[in-house]
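Please consider the chain shown here, with attention to its cores and helix packing.

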Amino acid sequence: MTGPAVPFREIVLKVHSRCDLACDHCYVYEHADQSWRTRPKTISDHVIFRTAQRLAEHARTHALPSVSVILHGGEPLLAGPARLRRVCEEFSSALAGIAELDLRIHTNGLQLSPRYLDLFDEFDVKVGISLDGDRTANDRHRRYADGRSSHPLVLKAVELLRQERYRHLDLGLLCTIDIANDPVAVLDALTELDPPLIDFLLPHATWDEPPPRPDGSPTAYAEWLLTIFDRWQEQGRPVPVRLFSSVLSTLGGGPSLTESLGLAPTDLVVVETDGQLEQVDSLKSAYEGAAATGFDVFTHSFDEVAAHPGVRARQLGLAGVSETCRRCPVVRSCGGGLYTHRYRSPGGFDNPSVYCADLAALIRGIEERTAAATESPAVRDPYELLAAQQDLTRTLLAVLHDSLDGSGGEVWETAWALAAEVESDPAGQAGLDRVLAHPYTRTWLLDTLEAVRAGRPVQGPPVERLAASVAAAAVHAGLGPAVPVVHRDGLLFLPTLGAVRVGGPGEQGTALVRADGEGFAVHTEGGVLHIARGAGDGPHWSPVRVLGAAGGPGPEPVRVRDDLDPYRTCFDTPAADRLGPQAADAWSAALAQAWELLAEAVPDQAAEAAAVLTTFTPLAGGEAGEAGEAVQVGRHGYGALGIAAGSDAHDLAPALLRGFRRAKLRALAEVTDLYASDGSWDHRMPWQEEPVPFSRLLSETYERVGLGLFAPRFLAGVPQALDMIEEAAETTVDGKQLLAGMRKEINGTHGTSGRNGCKTDTERAAVRRTRARLTEK
């Protein structure tokens, strides 16, 4: 087992080893391990003290910001208020100044009273109560030893906890599943109590002692839970349900929210009433001694327990599940199931869960029911992707402002206030949107945020860019505020507009930029420069060059050649300096010819690319850079490509399409999770022998699908790659939607043109001619 042990962040402390109920499904008393019989009934002062010290030592060693201590049993309330007070005081004292302490207690609620809740209020101990549903469901297992119902007293405890003075302590309800119970009645009974959370637990079982299945169905538990899910959806999800939330989270590429699902490493250790340190408590269901480590709080540190092979086995993520599970598409969500439920003698835990079929059916059932609601619109609609990118840019700007926390000085604060003034006008908001949508705005934000977080100074151009952006927005909107903008070396750059020469090399100062009816004016100590709207190159003005309308719908469908922006230097190959007239004409002509070739061969792809690729920057040094590519995607926002000078149009056309596909996939990955990132393993691509990460398999397949629309040779191996992606356990709901879109593209049902998706004879002939030219290369 490689890698460092995961520190424990959660301690289950057994404060009492007996119970006042005789639940026949209890893993402590009714299953294989009967070690409770030899334990002290109540935890001693010495064990409390040593455990608190060990936890404080562990938290200090690993610099843990917080730790949870869960008071458990048996029934923990049987320890009595005095003993529980001692626990709270000891742990609060030991952790003071080291880590935040999160105290919790899981109880059947029978003993709960204001006496306990006042104590818990004093130490902020959150309370979780076990309740299996309505009276019929709860009485099926949770009875006293003489058969009496516990349901009335549990309801009384829940009602007490719901009182206004105690409601903040309510952790929610834990419900153990029994498929003999009516699922709708169970959910209705629980939601009626308005808990902050419901946690449904599969009854502990192993391959040696499988769960009951009265009708023999391998998916009976999934069907029961999906009935609840449907009812929960119908009710408008009135209460969070941890099991469902976890599945929905992992389907979207997020983390698991429960130990029983997902691939997150375990970070929990159990301390018994005698001070013995054990693994997760549910292992007692497997066999006698399954949870034992041989360690105790008197002579062993928590780090020693964390290095125990049994604990490490549950910290390996994907590598820690069986081979069958590693090949399963839903393993990211189910994680192989609860470790205990994988046990089969004599082989141990290297098996799928005994609930394997149930978990797969549950996850797929939830996905089928929620895919449309949980998909990001950005995957389907290119203009939704642009909107999501704009939201991300605005979020980054707000984060930068908060991160600077006043350190940007007067220059930043003045610009920030003027930005609010400009945005208060609808035209100003549109102008600011236009500037923020410029791809190199993202480069500036990311570079500056990185510097702030690294503690590097950010005075000068990084801070001054905001004022220049606000001035450009005001000019676009035709608004009047005079915006002070710093110029350096005699140059004042306005993003999306161009550069104004206001002085000579080495000169620095502040100019006022103000929009006027014919363009804008720049006021300096030396006088006023008037720049007319649409003015060409001159001694004082170098504009960002417009290359022509994009020809597609959407915001600002205009392409520009930006060889001025200081933040355009974000490609593998250095950006070219301002091109001279002859070089600029040749570069623009090659780009225009390449675009015509794309428009003939793949009109829909070209139209989308034209609508979202707004900015092209000439690169220096010919066809250099990453893989010698003529088109490069840099570290910036969506919408810019770097184009190598001297590129031939026939080479440039497929390179543009590849660059567009690469940029789009990266933009999607920035605003939604397409695949899970935990424990990714390598895949062998059909077109090369060297194994690569899933992210590269996905990106290269996505690019090849686009290229294959006009050059079929690129489709070699793509169907196999799509199968590999589909079978891998890595794609999220959005990733699967993207995969479905790629299949439609190669099947000819996407990216067509003409009425009802059919090309005209003229269009088909043009496509054939263009494909012939492109595939000759």
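The exchange below treats the overall build, the cores and two helix pairs.

Reader: What kind of model is this, and how are residues numbered?
Author: This is a predicted model, in which local features need pLDDT of at least 70, side-chain atom pairs count only at pLDDT 80 or more, and totals for chains, interfaces and linings use all residues. Side-chain values use heavy atoms, with hydrogens and water left out, and residues are numbered along each chain as its sequence is written, from 1.

Reader: What percentage of the 777 residues of the chain count as buried?
Author: Buried means under 20% relative accessible area, with a 1.4 Å probe and protein chains only. By that criterion, the buried part of the 777 residues is 55%.

Reader: Which helix gives the most to the largest nonpolar core?
Author: A nonpolar core is a set of buried Ala, Val, Leu, Ile, Met, Phe, Trp, Tyr and Cys residues joined through side-chain atoms within 4.5 Å. The largest one has 97 residues, and Leu84, Phe120 and Phe200 have the most contacts inside it. Helices are DSSP runs of H or I with at least four residues, numbered from the N terminus. With 9 residues, the one that gives the most to this core is helix α7 (residues 220-234).

Reader: How many residues does the second, separate core have?
Author: Ala630, Tyr638, Leu641 and Leu722 are included in this second core. Its residues number 60.

Reader: How are α23 and α24 oriented to each other?
Author: Axes are lines fitted to C-alpha atoms, for helices over the stretch in contact, and angles run from 0 to 180 degrees between N-to-C directions. Helix α23 (residues 694-708) and helix α24 (residues 718-727) have axes 10 Å apart and pack at about 140°. Angles under 35 degrees count as roughly parallel, over 145 as roughly antiparallel, 65 to 115 as roughly perpendicular and the rest as oblique. The orientation of α23 and α24 is therefore oblique.

Reader: How many nonpolar residues does the contact of α23 with α24 have?
Author: Contact means heavy atoms within 4.5 Å. The residues from α23 include Phe694 and Arg704, and those from α24 include Leu722 and Met724. By class (Ala, Val, Leu, Ile, Met, Phe, Trp, Tyr, Cys and Pro as nonpolar; Asp, Glu, Lys and Arg as charged; the others, Gly among them, as polar), the contact has 1 polar and 1 charged residues, and its nonpolar residues number 9.

Reader: How many polar residues does the contact of α17 with α19 have?
Author: The axes of helix α17 (residues 426-436) and helix α19 (residues 461-477) come within 8 Å and cross at roughly 130°. Gly428 and Gly431 are among the α17 residues that meet α19, whose partners include Ser469 and His476. Beside 6 nonpolar and 1 charged residues, the polar residues number 4.

Key. Buried means under 20% relative accessible area, exposed over 50%, partly exposed in between (1.4 Å probe, protein chains only). Helices (H or I, at least four residues) and strands (E, at least two) are DSSP runs, numbered from the N terminus.
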